[in-house]
Amino acid sequence: MKKAEYILIDVILAGLLKIIGSVLVADILLQIAARYLPIRVTWTDEIGRLLFVWFSMLATAMAYAKNQHLSIDYFYLKFGKRVQTVLDYFSLILVMVSSAVLTYTGFQVQQVVSQQRSPILKISMSCFYMAVPVGFGFVVLFSIVTLLDRITAKDKDHIEEGGEAV
């Protein structure tokens, strides 16, 4: 499972983020240059918005997968190990459920806007809205993997201590 995670996170997701980020920067630079040069580029605003939405959603998933998201642990560190473990499982399940709801709702919204076209590029607005269910779908996937890793690690710790796995 670790190799599949590595390929998905560090190769595919990171590669997509690098490409999207690079094109986004080039798009913004072109917008800035177009203000001072006698060229007219009307599509850069829509491309920038589309890329920013996808970059944000995929980066959210990657940050969650690598446990690099923002967390405030002041009160968390005040609790004992057992309470911290319960809080870890609670937050993991809460993130999983809320991300699943956002994924489901995102698919519904995407279907509603699928017939609409963007004003300048004339592409389906689904391209914009699909980033939300894809990004949060990855968060659900990574939550499941993390939950399974924690459960199996707990079972292994229990077996090493001389107990039996349940």
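These legends accompany close-up views of a predicted model.

**View 1. A nonpolar patch on the surface**. Seven names are worth finding here: Val-25, Ile-28, Leu-29, Ile-32, Tyr-36, Leu-37 and Ile-39. Together these side chains make up a surface patch with about 690 Å² of accessible area. Pick out Leu-29, which sits in helix H1, spanning residues 2–36. Leu-29 counts as exposed because its relative accessibility is 52%, and the cut-off for that class is over 50%. For context, nonpolar side chains tend to be buried together in soluble globular proteins.

**View 2. Trp-43 in the loop between H1 and H2**. Helix H2, which follows this loop, covers residues 44–65. Trp-43 has a relative accessibility of 37%, so it is classed as partly exposed. Leaving aside residues up to four places away in sequence, its contacts are Asp-27, Leu-30, Ile-120 and Leu-121. If you would like a sense of scale, try Leu-92: it lies 49 residues from Trp-43 in sequence, and their C-alpha atoms are 40 Å apart.

**View 3. The largest nonpolar core**. This core holds 21 residues, and Leu-13, Met-62 and Phe-142 have the most contacts inside it. At least two core residues come from each of H1, H2, helix H3 (81–112) and helix H5 (131–160).

**View 4. The surroundings of Leu-13**. Zoom in on Leu-13 and you will find it touching Met-62 and Phe-142, the two residues named with it for the most contacts inside the core. Leu-8, Leu-58, Ala-61 and Phe-138 also touch Leu-13, again not counting residues up to four places away in sequence.

Methods. Residues numbered from 1 in each chain as written. Predicted model: local features only at pLDDT ≥ 70, side-chain atom pairs only at ≥ 80, totals over all residues. Heavy atoms only, no water. Patch = residues over 30% accessible without salt bridge, like charges linked within 9 Å, V, L, I, M, F, W, Y side chains within 5 Å. Areas by Shrake-Rupley, 256 points an atom, 1.4 Å probe, with all protein chains shown as cover. Salt bridge = Lys/Arg side-chain N within 4 Å of Asp/Glu carboxyl O. Helix = DSSP H or I, 4+ residues; strand = E, 2+ residues; numbered from the N terminus. Buried < 20%, exposed > 50% of the residue type's maximum accessible area, 1.4 Å probe, protein only. Contact = heavy atoms within 4.5 Å. Core = buried A, V, L, I, M, F, W, Y, C linked by side-chain atoms within 4.5 Å.
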